[in-house]
Each structure stands twice: as C-alpha cells, then as structure tokens.
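Let us take a friendly walk through the aromatic rings of this model and the charges that sit over them.

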Amino acid sequence: MSPFFMRTICMRRDKKLGILTSFTAKKIEKQLTDERNALRDLSYRELWQRMRTYWQRYIIVSECIETICIDVAIEAYLIGAHYSRFIHYGESMETVRRRCIDEYMQLIYELYEHMKEYGEDMYDACARYIDGWWKEGIEKGMRRLRLRLK
C-alpha cells in the first residue's frame, strides 16, 4: 500500500471519531427513550380510575394524595417495565423482585410516609398498590419484548 492511501484512511477515521460522547449520557438517553416507549401503553385515565377505586376503600382521596399515588404508580410501572427483560430471559418473578428490591422498597416507603397520617396500618395497602403497578409494568414490558416493539 502506498503511504498516501494509508494517510487517507487515517484521516477518514479521525473525521469519523471526532465526536466523543460519554457512556453515562448515552445510558440516560436510552433509559429516557425506553421509559417514553413504555408509557405509551399507559393512559392517564386508566391510572386515575384505578388509583381512585383502590384508595377509596381506605381513605377519602384528596388532590395531593391523588398526585402522590399517581406519581408512585408510574414509577413502579416503569421499574417493572425495565426489569421485565430479565423475566423474558428466563428468571423467575421472585428473582427479579430481589434484583430490584431497593427501588421497590423505596417506593413503598415513600408512599407509606404520605399515607401514615391516615392510619398506621396503611403499610400493607401501600405494598399491594406498588406491587400491582409493578406487576402491570412487568406484563406490559414482557408484551413489548415478545412483540419486539421499541
């Protein structure tokens, strides 16, 4: 090969590799894209109705509690959708729950802190609420993986 040819290849490589990006920025960008895609399967009306029907048994739902419950439900749904790929690859539901136990318990405690004023026995209700939305996220995430949706 001629030196001119080698220099041209090197110059073209330099031009292609001119943009440096951080892996953390790419990871965050991919996570946001995945979350946006997962939220396409969830409607606000469904979220609101399920939150109302669940919590009306226990308390009178105010606008503040409504907002908190919806936020926590969305987070639990997104965690379930994110971790559904492990079930898709063969892990059991209990193994996946252990894998995301920190985030899962954080959501339960966060919701319980707001519900404590309505009664000390609200922990089980909060745990069931989070678990229901987490399982919903797992199911929808599995469906997206089976259908190979983005």
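Arg50 lies over the face of Trp133, 3.9 Å from the ring centre. A charge sits over a ring here if NZ of Lys or CZ of Arg is within 6 Å of the ring centre and within 35 degrees of the ring normal. Arg99 places its charged end over the ring of Phe86, also at 3.9 Å from the centre.

Before going on, note that this is a predicted model, in which local features need pLDDT of at least 70 and side-chain atom pairs count only at pLDDT 80 or more, while totals for chains, interfaces and linings use all residues. Residues are numbered from 1 along each chain as its sequence is written, and side-chain values use heavy atoms, with hydrogens and water left out.

The structure holds nine aromatic pairs (rings of Phe, Tyr and Trp, the last by its six-membered ring, with centres within 6.5 Å; planes under 30 degrees apart are stacked, over 60 edge-to-face, the rest tilted). Among them, Tyr83 and Phe86 form a tilted pair, 5.8 Å centre to centre with 35° between the planes. Both lie in helix H4 (residues 63-88), three residues apart, about one turn of the helix; helices are DSSP runs of H or I, at least four residues, numbered from the N terminus. Tyr83 and Phe86 are both buried, meaning under 20% relative accessible area, with exposed over 50% and partly exposed in between (1.4 Å probe, protein chains only).

Tyr112 and Tyr123 form an edge-to-face pair, 5.5 Å centre to centre and 80° between the planes. This pair links distant parts of the chain, Tyr112 in helix H6 (residues 101-115) and Tyr123 in helix H7 (residues 123-147), eleven residues apart. Tyr112 counts as buried because its relative accessibility is 12%, whereas Tyr123, at 26%, is partly exposed.

Notes: Helix = DSSP H or I, 4+ residues; strand = E, 2+ residues; numbered from the N terminus.
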